[in-house]
Amino acid sequence: MSSAVRLIRNHRLTRAVDYAYAAAVDVPVRSLWLAGACPLDAEGRTVAVGDYAGQAHQVMRNLVTVLEDEGAALTDVVRTTVYVASSRQSDLVAVWDVYREYLGSHDVPSTLLGVSVLGYHDQLVEVEAVAVLGRAETR
């Protein structure tokens with residue numbers, strides 16, 4: 001499957017970042033606007049309580065599941081926002097490292113944020129995403 005997403009790197013800005021500065025998609029396309037993926041198991045329980053990396057793995061697995069059910073993949077993601085319930089940069093980096101492991105070379109534009117609290121009990125990590133598929137389809 002070929003992605004409709006073209007990542008843009010601006011070489012007038014620093015190359016020291018591990019994400020693209022922008023992404024472009026030509027129309028028409030089918031867009032997926034994904035709610036924040038949370039570290040919940042199939043029964044709705046928060047997994048890996050107290051473990052930033054463990055929750056990040058569950059979040060990314062849940063994100064992949066939603067994409068796959070819509071005929072998409074991580075390479076169709078055009079932008080993400082990564083939320084981490086912490087004020088410690090080391091916790092944000094731990095989550096980012098797991099996130100980057102899943103995205104691999106598809107280094108989409110993203111924002112990484114430390115926040116004071118997330119919505120579920122014991123939740124430390126959430127990732128929301130926008131994805132586009134190669135052409136618009138009627139489902």
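Begin by selecting R45 and D41, whose side chains form a salt bridge with the closest N and O atoms 3.0 Å apart. Add E43 to the selection, since salt bridges that share partners join D41, E43 and R45 into one network. R45 itself counts as partly exposed, at 49% relative accessibility. Keep in mind throughout that this is a predicted model.

Now zoom out to the whole protein chain, which holds two helices and six strands and follows, along the sequence, the pattern β-β-β-α-β-α-β-β. The C-alpha atoms fill a box of roughly 40 × 40 × 20 Å along the principal axes, and the radius of gyration is 15 Å, which agrees with the value near 14 Å for a compact globule of 139 residues. Of the contacts between residues at least 6 apart in sequence, 74% join residues at least 24 apart.

Next, select E70 and R30, which form a salt bridge with the closest N and O atoms 2.4 Å apart. This pair links distant parts of the chain, with E70 in the loop between α1 (52-69) and β4 (77-85) and R30 in strand β3 (residues 30-37), 40 residues apart. R30 counts as buried at 10% relative accessibility, whereas E70 is partly exposed at 27%.

Finally, select D18 and R100, whose side chains meet in a salt bridge (3.8 Å, N to O). D18 lies in the loop between β1 (5-8) and β2 (22-25) and R100 in helix α2 (residues 89-103), so the pair ties together parts that are 82 residues apart in sequence. Here R100 is buried, with a relative accessible area of 15%, while D18 is partly exposed at 37%. A search of the whole structure finds six salt bridges.

Key
Residues are numbered from 1 along each chain as its sequence is written. This is a predicted model: local features need pLDDT of at least 70, side-chain atom pairs count only at pLDDT 80 or more; totals for chains, interfaces and linings use all residues. Side-chain values use heavy atoms; hydrogens and water are left out. Helices (H or I, at least four residues) and strands (E, at least two) are DSSP runs, numbered from the N terminus. The radius of gyration is taken over C-alpha atoms; the globule rule is 2.2 Å times the number of residues to the power 0.38. Contact means heavy atoms within 4.5 Å. A salt bridge is a side-chain nitrogen of Lys or Arg within 4 Å of a carboxyl oxygen of Asp or Glu. Buried means under 20% relative accessible area, exposed over 50%, partly exposed in between (1.4 Å probe, protein chains only).
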